[in-house]
Structures are given as structure tokens and as C-alpha cells.
Amino acid sequence: MDHNGRQSAGGQGLVHEQRPPLALVDQLVEASARAHGHLCPGQVIGVRMAILGLSRLGYTCPLGWPEIKNVVGIVEIERCLADAVATATGLRFGRGSLKLINLGLLAVTFLDLPSGRAVRVVSRDQARDLAAQYAPGTPSPQAAQVAAYRVMPDAELFDLQWVRVNLPPSEMPGARPPKVPCQGCGVLVRSGQVHRQDGQNLCAVCAGQAYFSTLDQPARNP
Ligand SMILES: [Zn+2]
Ligand SMILES: [Zn+2]
């Protein structure tokens with residue numbers, strides 16, 4: 001275990017060789033590649049992260065009913081593996097059960113709501129260098145990664161951390177915080193995203209927190 005409380009995903013001894021059943025990996029990777037639009041190393045990594053993280057919380061992939069109501073996933077990058085985590089787990093951005101906090105890290109945290117236990121699965125950069133050893137004779141580095149990540153032991157692919165996640169009540173799946181009218185423009189602000197500014201309740205746009213700026217004229221094609 002290192003100073004961040006990280007530990008190798010496999011633990012010690014024979015456990016070091018642990019990996020999920022290949023049939024399960026292949027079934028989930030096939031489904032995620034179909035949903036994502038192509039088969040890439042990120043699909044295999046995301047599927048393996050989902051299987052490993054949920055198994056440590058006592059669940060199997062994909063989550064069935066009612067287990068799916070008990071888990072929140074937080075992906076830390078807006079890349080291929082986010083789609084794989086969604087397909088493999090059944091968690092969804094549109095249901096508040098999957099969240100993106102883009103830290104630019106190949107990592108996913110799974111939070112078990114009933115117990116409050118949370119496990120963070122972090123992809124190990126060294127796995128890329130090992131890929132060729134696990135898949136000799138593959139035509140490209142990407143093909144080697146896809147083939148190798150199917151079979152590599154959990155401990156080679158990932159580090160695990162037990163963490164505490166402080167999810168605000170408004171971020172909980174199924175939360176229904178009150179809708180508050182913006183005192184600047186009148187739109188209803190949902191999901192607890194109201195900004196208090198100078199004694200007023202404002203939407204993000206009126207509070208100057210928008211991700212866009214408004215144009216006076218329609219944008220023209222170049
Ligand atoms: Zn991809
Ligand atoms: Zn407003």
C-alpha cells in the first residue's frame with residue numbers, strides 16, 4: 001500500500017493472478033463496443049474497471065434491479081472508458097447514477113449508497129508496456145492492448161483505493177431539490193444549481209457562470 005492508501009488490485013500471493021471470467025469480459029466488451037461505436041482499449045479497460053470495482057462492493061456486472069438503485073459511479077475522464085463503464089454497469093448519466101468529474105485521470109469510483117463504502121479503481125500506466133507480452137504477434141499496439149487487457153490480472157491493470165465520497169444530497173440519484181425561479185431571467189433552476197449572489201437567486205447564466213457567451217446576430221457559416 002502506498003502513501004495514498006492505494007493498493008495493488010490483486011492483493012498478495014495467488015490472488016495476484018485474479019481476473020474475471022473471460023466469457024463475462026467478452027460479453028460486456030461486445031455490448032460496450034456496439035454502444036460506443038468501435039472496439040478500443042478503453043472499452044476493455046472500462047469493462048474491467050466496472051467488474052472489479054463492483055465486485056469489491058459485492059455486486060456483479062451489469063447491475064440488476066434493485067441493486068442499480070444502490071450504486072453511484074463517478075468517472076474521472078471524458079473518454080472511451082466512460083461509455084464502457086456505463087454499458088457494463090447499467091449506470092447512466094441521465095439517471096444521476098453515473099457522474100463525470102473530469103480530472104483527466106483514467107479512474108472510476110463506485111459508491112455503495114446503503115453502506116457508504118466507496119472504491120476507486122485507477123488504471124496503471126505500466127499496463128500499456130506489458131500489453132505486448134500478453135498478446136504477442138498482434139498487428140498493432142492498439143490491437144495488443146485490446147487483446148492483453150482482456151486477460152491481464154487485475155493487479156497488473158489497476159490500483160485500488162478505498163475512499164470516502166461526499167456526495168451532496170442534491171447529487172443523489174432520485175434527488176428532487178426544489179425548483180427555484182431565477183430572479184434575473186425567470187427560468188426555473190433545477191437540481192440545486194441556483195447561485196446566491198447579492199441576495200438574489202440566479203441561474204448560472206445570470207450569475208455569469210455560463211459556459212458560452214451570447215451573440216447579437218446569428219452565427220454565419222464560414
Ligand atoms: Zn473508443
Ligand atoms: Zn437567469
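How many of the 6 residues of β4 are buried? The count is 5, so β4 is mostly covered, given that a residue is buried if 20 or more other C-beta atoms lie within 10 Å of its own. This is a predicted model. The chain has 6 helices and 10 strands. The briefing covers the overall layout, the strands around β4 and β5, the residue Gly73, and the packing of α4 with α5.

**Overall layout**

- The domain assignment splits the chain into domain 1 (6-168) and domain 2 (176-222).
- The C-alpha centres of domain 1 and domain 2 are 36 Å apart.
- Along the principal axes, the C-alpha atoms of the chain fill a box of roughly 60 × 50 × 35 Å.
- The chain has 222 residues, and 34% of them count as buried.
- Take the contacts between residues at least 6 apart in sequence: 63% of these join residues at least 24 apart.

**Strand β5 and its partners**

- Strand β5 spans residues 118-123, and 6 of its 6 residues are buried, so the rest of the structure largely encloses β5.
- Both faces of β5 are covered. One side carries Ala118, Arg120 and Val122, and the other carries Val119, Val121 and Ser123.
- Strand β4 (residues 107-112) runs antiparallel to β5, and 5 bridges join the two.
- Leu111 stands opposite Ala118 in β5. Val108 has Val121 of β5 as its bridge partner.
- β4 and β5 form a hairpin, with 5 residues between the strands. Gly116 sits in the turn and has a positive phi of about 80°.
- β5 also pairs with strand β6 (residues 158-163), in the antiparallel sense and over 6 bridges.
- Val121 stands opposite Leu160 in β6. Val121 is also the bridge partner of Val108.

**Gly73 and strand β2**

- Gly73 lies in strand β2 (residues 71-75).
- β2 and β4 run antiparallel and are joined by 5 bridges.
- Within β4, Phe110 is the bridge partner of Gly73.
- Is Gly73 buried or exposed? Gly73 is buried, because 26 other C-beta atoms lie within 10 Å.
- Neighbours within four places in sequence aside, Gly73 is in contact with Val85, Thr89, Leu91, Ser97, Leu98, Val108 and Phe110.
- Val29 and Gly73 are 44 residues apart in sequence. Their C-alpha atoms are 18 Å apart in space.

**Helices α4 and α5**

- Two packed helices are described by the angle between their axes and the distance between the axes.
- Helix α4 covers residues 126-134 and helix α5 covers residues 141-151. Their axes come within 8 Å and cross at roughly 90°.
- That crossing angle makes α4 roughly perpendicular to α5, because 65 to 115 degrees counts as roughly perpendicular.
- On α4, the contact is made by Arg128, Leu130, Ala131, Ala132 and Tyr134. On α5, it is made by Ala144, Gln145, Ala148 and Val151.
- By class, the contact of α4 with α5 has 7 nonpolar, 1 polar and 1 charged residues.
- The buried residues in α5 are Ala144, Gln145, Val146, Ala148 and Tyr149.
- The cover over the buried residues of α5 includes α2 (41-56), α4 and α6 (154-157).

Terms used
Residues are numbered from 1 along each chain as its sequence is written. Chains are lettered from A and ligands numbered from 1 in the order in which they are written. This is a predicted model: local features need pLDDT of at least 70, side-chain atom pairs count only at pLDDT 80 or more; totals for chains, interfaces and linings use all residues. Domain bounds come from an automatic or database domain assignment. Axes are lines fitted to C-alpha atoms, for helices over the stretch in contact, and angles run from 0 to 180 degrees between N-to-C directions. Helices (H or I, at least four residues) and strands (E, at least two) are DSSP runs, numbered from the N terminus. Angles under 35 degrees count as roughly parallel, over 145 as roughly antiparallel, 65 to 115 as roughly perpendicular and the rest as oblique. Two residues are in contact if their C-beta atoms, placed from the backbone, lie within 7 Å. Ala, Val, Leu, Ile, Met, Phe, Trp, Tyr, Cys and Pro count as nonpolar, Asp, Glu, Lys and Arg as charged, and the others, Gly among them, as polar. A residue is buried if 20 or more other C-beta atoms lie within 10 Å of its own, exposed if 12 or fewer, and partly exposed in between; C-beta atoms are placed from the backbone. Two strands pair if DSSP finds at least two bridges between them.
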